[in-house]
Amino acid sequence: MSKSLSKRTPKATTKSKPQRNAPMQKIPDEEPTIAKPTTRVVAVLYDGMLILALLFLVGTMLTVIGTLLTMNTGTDSSQAQSLPTWYQNVIMTPSFVLTLVAFYGLFWRRGGQTLGMQTWRLKTVNNSGHLLTWGQSFKRILAACLMPLLFGIIGSLIGGSRAILLTSALLGWVFNYAFCLFNRRGLAVQDMLSNTITLKMPKVAHEGLWRGFRNRKQSQNKP
């Protein structure tokens, strides 16, 4: 009986080895790739809804504060006028820019992903593969605004109306991502100017938004 057992044990061990090593095998195709422009645009639209809500909140607060500071006491709604130009240019516009920088900067510095980017498994890093710093985040945001600004200036010179100005700025924003189709590496304008890159992460290396929250909560509850 001892001989029969000794002959069977090697077979059992050889069968268990593939099962033990199977989960550790890595799929060769599952690697980060350059994100496609269509996926990036959809992620920006996802984030745009949240950004608009934040800008509306900031604008409402600043409007109330500006009304209290610049309007005379006792002025009712029928007598109220628009806020002074200096207040809009010096206070409100920089506040909107800082809100935009803070939104992207916080997400990019923490994990390289905004809420919309997590949904589509996108991640923004620098050319070294590390998370962005505040300076790199600010540089990337300015680079993304360059083409819409230039297109807006051209539109204002051509027509001058608000509709032409907004349409021109929108075309400049589309040009940022349409540039990916002509670039050899598939980079957008803001990628090249800021030395950053947006990647499409594989499923095996990506943790979903809600799953990540659940895992963090479970780890915190563990003694």
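Student: Thr 124 stands opposite Thr 198 in S3. What makes S2 and strand S3 (residues 196-200) a pair?

Tutor: Two strands pair if DSSP finds at least two bridges between them. S2 is joined to S3 by 5 bridges, with the strands running antiparallel, so the pair passes that test. Before we go on: this is a predicted model, where local features need pLDDT of at least 70 and side-chain atom pairs count only at pLDDT 80 or more, while totals for chains, interfaces and linings use all residues. Residues are numbered from 1 along each chain as its sequence is written, and side-chain values use heavy atoms, with hydrogens and water left out.

Student: How do you know that strand S1 (residues 33-34) pairs with S3?

Tutor: By the bridge count again: S1 and S3 share 2 bridges, in the antiparallel sense, and at least two is what the rule asks for. Thr 33 faces Lys 200 of S3 there.

Student: What makes S1 a strand?

Tutor: Helices (H or I, at least four residues) and strands (E, at least two) are DSSP runs, numbered from the N terminus. S1 covers residues 33-34, so S1 meets the strand minimum of two. Overall the chain has 8 helices and 3 strands, in the order α-β-α-α-α-β-α-α-α-β-α.

Student: Why is S3 called largely enclosed?

Tutor: Because 4 of the 5 residues of S3 are buried, where buried means under 20% relative accessible area, exposed over 50%, and partly exposed in between (1.4 Å probe, protein chains only). S2 is mostly covered as well, with 4 of its 5 residues buried. Across the chain, 28% of the 223 residues are buried.

Student: Which labels do the cysteines get, Cys 145 and Cys 180?

Tutor: Cys 145 has a relative accessible area of 39%, which lies between 20% and 50%, so the label is partly exposed. Cys 180 is at 6%, under the 20% limit, so that one is buried.

Student: How many disulfides does the structure hold?

Tutor: The structure has 0 disulfides. A disulfide here is a pair of cysteine sulfur atoms within 2.5 Å, so no pair of cysteine sulfurs passes that cut-off.

Student: How do you know that the span of helix H3 (residues 85-110) agrees with what is expected?

Tutor: The expected span is 1.5 Å times one less than the number of residues. For the 26 residues of H3 that gives 38 Å, and the end C-alpha atoms are 37 Å apart, so the two agree. Helix H6 (residues 162-178) goes the same route: 17 residues, 24 Å from first C-alpha to last, close to the 24 Å expected.

Student: What lies at Met 92 in H3?

Tutor: A kink of about 25°, shortly before Pro 94. The bend at a residue is the angle between axes fitted to the seven residues ending there and the seven starting there. Met 92 is also one of the buried residues of H3, as are Tyr 87 and Trp 108. Their cover includes helix H2 (37-70), helix H4 (115-119), S2 and helix H5 (134-158).

Student: Why is Gln 190 called buried or exposed, whichever applies?

Tutor: Its relative accessible area is 3%, under the 20% limit, so Gln 190 is buried. This residue belongs to helix H7. Contact means heavy atoms within 4.5 Å; beyond its neighbours within four places in sequence, Gln 190 touches residues including Arg 40, Arg 140, Asn 176 and Thr 196.

Student: And which label does Met 147 get?

Tutor: Met 147 sits at 14%, again under 20%, so buried it is. Met 147 is in H5, and leaving aside neighbours within four places, its contacts are Gly 172, Phe 175, Asn 176 and Val 189. Val 189 is 42 residues away along the chain, yet the C-alpha atoms are 8.3 Å apart.

Student: What is the phi of Asn 195?

Tutor: Near 55°, a positive value in a residue other than glycine. Most residues other than glycine have a negative phi. Asn 195 lies in the loop between H7 and S3, and at 43% relative accessibility Asn 195 falls between 20% and 50%, so call it partly exposed. Arg 121, in the loop between H4 and S2, has a positive phi too, near 60°.
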